[in-house]
Amino acid sequence: MTEEGKFVTPGDTLGFSEEFMPGDWAYEEEGNIYAAVSGTVETDMEDRKINVVPKVSTPPEVKDNDIVIGSIWDVKGQLAIVNILKIKGVDRGLPGGVRGAVHISKAREGYVSDLSREFSGGDIILARVVEAHREPVELTTAAPELGVIKANCSRCGGAMNPDKNGVKCKECKRTESRNVSTEYGKGEV
Ligand SMILES: [Zn+2]
């Protein structure tokens with residue numbers, strides 16, 4: 001018999017009909033009990049029934065204050081446009097590209113005069129969601145741990161390391177200005 005609480009998908013064997021009856025979202029076929037839906041197994045010992053409690057895997061949704069990982073799509077005047085790829089710590093990606101934006105006033109702690117010195121197209125950034133119910137989703141990178149966590153050289157495409165005031169290409173040694181996160185190069189990208 002399948003253990004209590006186990007996650008099953010349609011067609012998985014749950015037990016034998018000599019011992020149990022098919023309960024909710026389960027069915028019997030030739031002496032076996034099968035799961036009809038994806039969900040977790042629940043056994044009712046009193047009625048000797050095996051049930052499946054349906055569980056649909058719903059795509060994650062961006063909420064206020066979530067820390068998200070995104071890529072800079074473009075920097076236009078006062079706005080850095082971001083493709084939000086995922087919520088930090090959640091394995092599943094976001095369905096169909098959620099668009100976000102960092103306004104120049106929220107790019108870093110302190111005054112920013114030129115947003116193109118903070119971000120560049122293709123950078124991977126860590127940001128916090130200020131307002132999820134906006135189109136685009138409003139983001140901030142005004143904290144030491146937020147900002148660019150991965151950048152590539154605009155000249156040769158090489159990987160870059162943090163450097164004073166920005167990043168430096170490992171290959172051609174070019175330096176570029178960026179809002180570098182203290183989490184740069186540390187993980188989940
Ligand atoms: Zn380079």
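Which residue in E16 is the bridge partner of Gly 166? The partner is Ser 177. The legends below describe a predicted model, and they begin with the overall fold before turning to the individual sheets and cores.

**Figure 1. Overview of the predicted protein, built from 16 strands and 0 helices.** The radius of gyration is 25 Å, well over the 16 Å that the globule rule gives for 189 residues, so the protein is more spread out than a compact globule. Taken along the principal axes, the C-alpha atoms fill a box of roughly 75 × 35 × 25 Å. Of the 189 residues, 29% are buried. Among the contacts with a separation of 6 or more, 50% are between residues 24 or more positions apart.

**Figure 2. The two assigned domains.** According to the domain assignment, domain 1 comprises residues 7-54 and domain 2 comprises residues 67-148. A distance of 46 Å separates the C-alpha centre of domain 1 from that of domain 2.

**Figure 3. The open sheet formed by E2, E5 and E4.** This sheet has 3 strands in the order E2-E5-E4, and their pairing is antiparallel. At its edges stand strand E2 (13-16) and strand E4 (26-29), each of which pairs on one side only. From one strand to the next, the twist averages 30°. Strand E2 is joined to E5 by 3 bridges, and Phe 16 stands opposite Asn 32 in E5.

**Figure 4. The hairpin of E4 and E5.** Strand E4 is connected to strand E5 (residues 32-35) through 4 bridges, and the two run antiparallel. Two of the facing positions can be followed here. Glu 28 has Ile 33 of E5 as its bridge partner, while Tyr 27 stands opposite Tyr 34 in E5. The hairpin has 2 residues between the strands, and Glu 30 takes a positive phi near 45°. Which residues of E5 lie on its covered face, and which on its uncovered face? Ile 33 and Ala 35 form the covered face, whereas Asn 32 and Tyr 34 form the uncovered one.

**Figure 5. The largest nonpolar core, with 30 residues.** The members that touch the most other members are Ala 80, Val 82, Ile 125 and Ala 127. Two or more residues of this core come from each of strand E8 (67-76), strand E9 (79-87), strand E10 (98-103), strand E11 (124-131), strand E12 (137-140), strand E13 (147-150) and E15.

**Figure 6. The surroundings of Val 82.** Neighbours within four places in sequence are left aside in this view. The residues in contact with Val 82 are then Gly 70, Ser 71, Ile 72, Trp 73, Gly 100, Ala 101, Val 102, Ile 125, Ala 127 and Leu 139. Two of these contacts, Ile 125 and Ala 127, are also listed with Val 82 among the core members that touch the most others.

**Figure 7. A second nonpolar core, separate from the largest one.** This core has 9 residues, including Leu 14, Val 41, Ile 50 and Val 52.

**Figure 8. The open sheet formed by E14, E15 and E16.** Its 3 strands follow the order E14-E15-E16 with antiparallel pairing. Why is one side of E14 and of E16 left without a neighbour in the sheet? Strand E14 (160-163) and strand E16 (175-177) stand at the edges and each has a single partner strand, so one side of each has no neighbour in the sheet. The twist averages 30° from one strand to the next.

**Figure 9. The hairpin of E14 and E15.** The two strands run antiparallel and are joined by 4 bridges. Within this pairing, Asn 161 stands opposite Lys 168 in E15. The hairpin has 2 residues between its strands, and Asn 165 in the turn has a positive phi of about 65°.

**Figure 10. The hairpin of E15 and E16.** Strand E15 (residues 166-169) runs antiparallel to E16, and 3 bridges join them. Besides the pair of Gly 166 and Ser 177, this view includes Lys 168, whose bridge partner in E16 is Thr 175. There are 5 residues between the strands of this hairpin, and Lys 173 in the turn has a positive phi of about 70°. Lys 168 thus appears in two views, as it stands opposite Asn 161 and also has Thr 175 as a bridge partner.

Conventions:
Residues are numbered from 1 along each chain as its sequence is written. This is a predicted model: local features need pLDDT of at least 70, side-chain atom pairs count only at pLDDT 80 or more; totals for chains, interfaces and linings use all residues. Domain bounds come from an automatic or database domain assignment. Two strands pair if DSSP finds at least two bridges between them. Axes are lines fitted to C-alpha atoms, for helices over the stretch in contact, and angles run from 0 to 180 degrees between N-to-C directions. A residue is buried if 20 or more other C-beta atoms lie within 10 Å of its own, exposed if 12 or fewer, and partly exposed in between; C-beta atoms are placed from the backbone. A nonpolar core is a set of buried Ala, Val, Leu, Ile, Met, Phe, Trp, Tyr and Cys residues joined through C-beta atoms within 7 Å. Two residues are in contact if their C-beta atoms, placed from the backbone, lie within 7 Å. The radius of gyration is taken over C-alpha atoms; the globule rule is 2.2 Å times the number of residues to the power 0.38.
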